[in-house]
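Student: Could we take a close look at one part of this structure? I would like to go through its salt bridges, pair by pair.

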Amino acid sequence: MLDGRRLRVGRPFKTDTASYSQLWATQLSADEKTALGITYEADPAPFDSKYYFSAGNPRQLDNGTDDEGNTTYGIRPGIVQQQKDAAASLLAQTDWYVVRKSETDVAIPTNVATYRAAVRTVCGTRETEIAAVSTTEALEALMKAPDKITNDAGEVVDNPAAHLTPWPELAE
């Protein structure tokens, strides 16, 4: 920072008395930078804008209405809708079996029927898991946690931390 403006490494800048090339960060010594009034500010903490407006400033979880009747939108309803969309996408891959059954009365294979039921069940379970969190931080952790992790022995195991129930796979 210099006089309240952000200096970018690799970009030239000017002061009232001089111009500095894009190499200023490596050409000027620490003492020269201090003498010019250049100060260092750490980069802001990283944050996921899906869950936060800024670092430490979480988005609200649920829709609401303020005292003046204005609706504010939370992130949880959209995330629940994403689960429904994912389930619909998984089911769409086997929809043709249902259409075939309807049109020609050919039975839906047992593994397909079992898979389709499992997709619906897991979707409901995931919605319940999402509904159970009480903070934006907990929702972010739940959504980002993998269902499998590698333990100290190098084995892939179920994650003991809270995570979403994994989607089923269609058995052959």
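Tutor: Happy to! Keep in mind that this is a predicted model. The count here comes to 7 salt bridges.

Let's begin with K84 and E127, whose closest N and O atoms are 3.7 Å apart, inside the 4 Å limit for a salt bridge. K84 sits in helix α3 (residues 76–92) and E127 in helix α5 (residues 110–132), so this pair ties together parts that are 43 residues apart in sequence. K84 is partly exposed, at 39% relative accessible area. E127 is partly exposed too, with a value of 21%; that figure is to be read against the buried class, which covers values under 20%.

Helix α5 also carries R116, which meets D95 of helix α4 (residues 95–104) across 21 residues of sequence. The N to O distance in this salt bridge is 3.0 Å. Here the surroundings of the two partners can be set side by side: R116 counts as buried, at 9% relative accessibility, whereas D95 is partly exposed, at 33%.

Next come two strands. K148 and D158 form a salt bridge with their closest N and O atoms 2.6 Å apart. Because K148 lies in strand β7 (residues 148–150) and D158 in strand β8 (residues 156–158), the pair ties together parts 10 residues apart in sequence. K148 is partly exposed, with a relative accessibility of 43%, while D158 is exposed, with 53%.

Finally, there is a network to look at: D48, E140 and K144 are joined into one by salt bridges that share partners.

Notes. Residues are numbered from 1 along each chain as its sequence is written. This is a predicted model: local features need pLDDT of at least 70, side-chain atom pairs count only at pLDDT 80 or more; totals for chains, interfaces and linings use all residues. Side-chain values use heavy atoms; hydrogens and water are left out. A salt bridge is a side-chain nitrogen of Lys or Arg within 4 Å of a carboxyl oxygen of Asp or Glu. Helices (H or I, at least four residues) and strands (E, at least two) are DSSP runs, numbered from the N terminus. Buried means under 20% relative accessible area, exposed over 50%, partly exposed in between (1.4 Å probe, protein chains only).
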